[in-house]
Amino acid sequence: MAAGLSLDHPLPFIFGILGNLISFMVYLAPLPTFYRVCRKKSTEGFSCLPYVVALFAATLWIFYALLKPNAYLLITINTVGCIIETAYLLLFFAYASKAMKIYTAKLVLSVNLGVFGLILVLTLFLTRGSQRVQVLGWICMCFSVSVFVAPLSIIRLVIRTKSVEFMPFWLSFFLTISAVVWFGYGLLIKDFYVALPNVLGFIFGILQMVLYIAYKGRKGEKSNDGTLPIVAKTGTAEKAVETMHKDSVQLSQAAGDEEKVDIRVKNNCLEV
């Protein structure tokens, strides 16, 4: 049997089991977020991108594990991940705005069906044997990195607004621990496609937790009316709508001022 599943090599087996358990906790970490979404019946400022990317990465790792002998520990956790991420996306789609629903649907169709289907066809027809595993391993490694990079938009939002409202701490925490365990597992079974992406995952996880500690308890920057900046809770489209609304109000006020001037001129003419 492979080192990852053999009791003759207990250390990689233990790391693999721990990786499954901690990764399961990672998948469950957004539950408070989706409880809030369901309670408020709105996705607010949350993004669907991390869940789309996580689902895509999980399907790729299942494909990789099916081609590699005895990679059952990778199959188990990524199958569970596919189920959970699909459930998250369905909830997100149910409570998102119309514009966000269209965006989410396009993203899922293009990434999870289009890109994955393309990778599936190309690797099956253009590669053979060990070369296929190597090519797919590099692809999996690249998209695993994208899973860790996906929260960068949230990190930028936290720095801009000085608020951690939309960056769940426990997701960052479990991602960091998971990265450490899976790095150890990949190193022990000499699968560098599994080990290397988790170095970056550890770095981003630490960065997110440091930001959370730094900005925890802050209410964020306030605008003149005492509210958080609109970018913290809405998308670019809604911000544009607000800007258009302000412009229209200003135009209406200007038109009203011009009308008042015309009336005053007419009154002066009548008095003369």
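This briefing describes the fold, the nonpolar cores, a surface patch and several individual residues of one protein chain. The model is a predicted one, and its secondary structure comes to 11 helices and zero strands. Buried residues make up 38% of the 272 residues in the chain, and the area that the chain exposes is about 15700 Å², of which carbon and sulfur atoms supply 70%.

**Overall fold**

- Read along the sequence, the chain follows the pattern α-α-α-α-α-α-α-α-α-α-α, in keeping with its count of 11 helices and zero strands.
- Among the contacts with a separation of 6 or more, 75% are accounted for by residues that stand 24 or more positions apart in the chain.

**The nonpolar cores**

- In soluble globular proteins, nonpolar side chains tend to be buried together.
- The largest nonpolar core in this chain has 37 residues, and those with the most contacts inside it are L60, Y64, L74 and L136.
- The elements that give two or more residues to this core are α2 (31–40), α3 (49–67), α4 (72–95), α5 (98–126), α6 (129–149), α8 and α9 (192–195).
- Helix α3 provides the largest share of this core, with 11 residues.
- L136, one of the residues with the most contacts inside the core, touches L60, F63, Y64, L67, I119 and T123 when residues up to four places away in sequence are not counted.
- A second, separate core has nine residues, including I155, V158, V164 and Y212.

**V53 in helix α3**

- V53 is found in helix α3, and it counts as buried because its relative accessibility is 13%, which falls under the 20% cut-off.
- Although V53 and V111 are 58 residues apart in sequence, they are 8.1 Å apart in space, as taken from C-alpha to C-alpha.

**Two buried residues of helix α8**

- T176 is found in helix α8, which covers residues 169–188, and at 3% relative accessibility this threonine counts as buried.
- Leaving aside residues up to four places away in sequence, T176 touches F202, G205, I206 and M209.
- S178 also has its place in helix α8, and with a relative accessible area of 8% this serine is buried.
- The side chain of S178 makes a polar contact with the side chain of S23, at 3.3 Å.
- Apart from residues up to four places away in sequence, the residues that S178 touches are I22, S23, V26 and N198.

**A nonpolar patch on the surface**

- V180, F183, L187, F192, L196, V199, F202, I203, I206 and V210 make a nonpolar surface patch of about 840 Å².
- Helices α8 and α10 (197–215) each supply at least two residues of this patch, and the largest share, five residues, comes from α10.
- V199, one of the residues of the patch, lies in helix α10 and counts as partly exposed because its relative accessibility of 38% lies between the 20% and 50% cut-offs.
- F202 and I206 belong to the patch, and both are also among the residues that T176 touches.

**The loop between α2 and α3**

- S47 is found in the loop between α2 and α3, where at 25% relative accessibility it counts as partly exposed.
- The side chain of S47 reaches the backbone nitrogen of L49 at 3.1 Å.
- S47 and A96 are 49 residues apart in sequence, while their C-alpha atoms are 9.9 Å apart in space.
- K41 is found in the loop between α2 and α3 as well, and with a relative accessible area of 59% this lysine is exposed.
- The phi of K41 is near 55 degrees, which is a positive value in a residue other than glycine.

**The loop between α8 and α9**

- K190 lies in the loop between α8 and α9, and it counts as exposed because its relative accessibility of 68% is over the 50% cut-off.
- Although K190 is not a glycine, it has a positive phi of about 60 degrees.

Terms used. Residues numbered from 1 in each chain as written. Predicted model: local features only at pLDDT ≥ 70, side-chain atom pairs only at ≥ 80, totals over all residues. Heavy atoms only, no water. Helix = DSSP H or I, 4+ residues; strand = E, 2+ residues; numbered from the N terminus. Buried < 20%, exposed > 50% of the residue type's maximum accessible area, 1.4 Å probe, protein only. Contact = heavy atoms within 4.5 Å. Core = buried A, V, L, I, M, F, W, Y, C linked by side-chain atoms within 4.5 Å. Areas by Shrake-Rupley, 256 points an atom, 1.4 Å probe, with all protein chains shown as cover. Polar contact = N/O pair within 3.5 Å; in protein donor to acceptor, adjacent residues only side chain to side chain. Patch = residues over 30% accessible without salt bridge, like charges linked within 9 Å, V, L, I, M, F, W, Y side chains within 5 Å. Salt bridge = Lys/Arg side-chain N within 4 Å of Asp/Glu carboxyl O.
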